[in-house]
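This report covers the salt bridges of one structure and the solvent exposure of the residues that form them.

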Amino acid sequence: QVQLVESGGGLVQAGDSLRLSCSASGRTFATYAMGWFRQAPGKERLFVATMTYSGIIKAYGDSVKGRFTVSRDNAKNTMYLQMNSLKPEDTAVYYCAATNDVSRNYYSQREYDYRFWGQGTQVTVSS
């Protein structure tokens, strides 16, 4: 089992940057494939970014490619989402997710592939 806690959300203006963090409990974080998802009010939860447990392979949703960067520090049991050039349409609750018992090259854009979820952090981008 792993517990995930997101932080770093807030209210910013369009064009600003934010860095979200996802801190994980447990000693096996380095073996978890990780992902970021977001959910805007009244909409379904959507894929943002994912990475393998090595952090070598990454994938992004089309709407954030070139603006967001996912990374992880396995020594700190933490995953990050650097968000640049933020837009009002990025406003959402951002969730981190993890799954284990996967190969080193495993990553997923599908919500149902993740076993563990954080509670989310709110990001609001004003125009």
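## K65 and D62

In this predicted model, K65 and D62 form a salt bridge in which the closest N and O atoms are 3.2 Å apart. D62 counts as exposed, because its relative accessibility of 67% lies over the 50% cut-off.

## Total

How many salt bridges does the structure hold? The structure holds 6 salt bridges, the pair of K65 and D62 being one of those described here. Side chains of opposite charge can pair when their charged atoms come close.

## D90 and R38

A salt bridge joins the side chains of D90 and R38, with 2.8 Å from N to O. D90 sits in the loop between β8 (78–83) and β9 (92–99), while R38 belongs to strand β4 (residues 33–39), so the salt bridge ties together parts that are 52 residues apart in sequence.

Are these two residues, D90 and R38, buried or exposed? Both D90 and R38 are buried, which means that each has under 20% relative accessible area.

## R110, D113 and the network

R110 and D113 also meet through their side chains in a salt bridge, at 2.8 Å from N to O. R110 has 45% relative accessibility and therefore counts as partly exposed. D113 has a relative accessible area of 16% and is buried, because the cut-off for buried is under 20%.

Elsewhere, R38, R67 and D90 are joined into one network by salt bridges that share partners. The salt bridge between D90 and R38 was described above.

How values were computed. Residues are numbered from 1 along each chain as its sequence is written. This is a predicted model: local features need pLDDT of at least 70, side-chain atom pairs count only at pLDDT 80 or more; totals for chains, interfaces and linings use all residues. Side-chain values use heavy atoms; hydrogens and water are left out. A salt bridge is a side-chain nitrogen of Lys or Arg within 4 Å of a carboxyl oxygen of Asp or Glu. Helices (H or I, at least four residues) and strands (E, at least two) are DSSP runs, numbered from the N terminus. Buried means under 20% relative accessible area, exposed over 50%, partly exposed in between (1.4 Å probe, protein chains only).
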